[in-house]
Amino acid sequence: MKPIFSRGPSLQLRLFLAVIFAIVLIVVDSRLSIFSKVRSYLDTAVSPFFFVANGPRDILDGVSNSFTSREDLQKENELLRNELLLRNSDIQLLGQLRQENNRLRELLGSPLRGDEHKMITQVLSTESDPYSYQVVIDKGFQDGVYEGQPVINDKGVVGQVVAVARNTSRVLLICDTSHSLPIQVLRNDIRVIAVGTGCTEDLQLEYLPRDTDIRVGDVLVTSGLGGRFPEGYPVAVVSSVTIDDQRANTVIQAHPTVALQRLRYLLLLWPNDRDGLQPLPSEEVRRIAKERLRQMMPQVLPPETTPPVPPANSTPSSAVPGAAAQPPTPLRQTAPASRRAGQQPVAAPANRGQ
């Protein structure tokens, strides 16, 4: 008869055998690769237990997210809206900076003579007096600004400095009623004076004879007379020509090429070798003006280059070129006639004078 309780190996012996077996498995596993498949099978068998263990946590997280308070959502929405507003303001600022950069590039690209020094300045404020058209700029005598200095921008002549402080200066615009500017018609080199009549009105060319050859659309540029403004800079375009029958003269108005009511960046000029005693010839002024107009006002120059073509074609029949081309034959014919008739030589000079 077998006993109910039989005694087996001792606990120490079993622990010793387990340790020996584990060491043998480790050595075999390191030497052989037969247990790699066994481990993969065991990992596959155990993996469902990981999902089961993490399931309650995932469920609780989803429930807590679904029950987020409305107040938190409103706060988050407000923060996002504020951030979007800040981003939009940055985008608008970038657009303004881009336009400002383009203005500065155009200003720096305005054509200048090689002997002219330039400096960029910015308009600080405009004069509030309705009868005075002046602006205040951010450059003064510490920057070398002087009274009477010409001021332009990328479109043409703006005005001249009339008062200088240490850090600021006042610029009198060409549209002011007290300002006058010597100009030249680009088409035919006629030199006149342009007077301001207010920035809401066009410039006016006064005291001109009725037969003055100035037409609507003619470009007016600085002539260099007086030595204050460099020659060849655009000033205005003739907008109307009216004949005053009572005074027997012509009243001509010209629209400035510069938007004088929307000024921001300007250029201060230091023209050299211009004392007004020896102004440039009108042909040289025309050449310089055309070079500047090609860059500053290309849309104005092409219409003005076509009108000179008809006079050029009609000049051979006019008196001036004809007198240079046909004088030899009339002189040879009138010489014998003057010998035959004593009054013929007197009539010939009279015709030439007329």
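Which strands run in a closed barrel of six with antiparallel pairing, and in what order? I started here, keeping in mind that this is a predicted model, in which local features need pLDDT of at least 70, side-chain atom pairs count only at pLDDT 80 or more, and totals for chains, interfaces and linings use all residues. Residues are numbered from 1 along each chain as its sequence is written, and side-chain values use heavy atoms, with hydrogens and water left out.

**Entry 1, first barrel.** I traced the order as E1-E2-E5-E4-E3-E12, closed and antiparallel, where strands are DSSP runs (E, at least two residues) and helices likewise (H or I, at least four), numbered from the N terminus. Two strands count as paired if DSSP finds at least two bridges between them. The twist from one strand to the next averages 45°, taken between axes fitted to C-alpha atoms, on a scale from 0 to 180 degrees between N-to-C directions. I then looked up strand E2 (residues 134-137), which pairs with E5 in the antiparallel sense over four bridges, and I found Ile 137 opposite Ser 169 in E5.

**Entry 2, second barrel.** Another six strands close into a barrel, in the order E6-E7-E8-E11-E10-E9, again with antiparallel pairing. Neighbouring strands of this sheet are turned by 40° against each other on average, direction ignored. Within it, eight bridges join strand E10 (residues 234-244) to strand E11 (residues 249-256), and Ser 240 stands opposite Gln 253 in E11.

**Entry 3, disulfide.** Searching the whole structure, I found one disulfide, that is, a pair of cysteine sulfur atoms within 2.5 Å; it joins Cys 175 to Cys 199, with S to S at 1.7 Å. Cys 175 lies in the loop between strands E5 and E6, while Cys 199 lies in the loop between strands E7 and E8, 24 residues apart. Cys 175 is buried at 1% relative accessible area, and Cys 199 also counts as buried, at 17%, because the term covers anything under 20% (exposed is over 50%, partly exposed in between, with a 1.4 Å probe and protein chains only).

**Entry 4, largest pocket.** I noted about 260 Å³ of space in the largest pocket, a pocket being an open set of points on a 1 Å grid where a 1.4 Å probe fits, with protein on both sides within 12 Å along at least five of seven lines, and lining residues having an atom within 4 Å of a point. Of the 13 lining residues, those closest to its centre are Arg 103, Asn 153, Asp 154, Arg 262 and Tyr 265. Helix H3 gives the most to this lining, with three residues.

Notes: Grid points are joined across faces, edges and corners, and a volume is the space filled by probe spheres set on the points.
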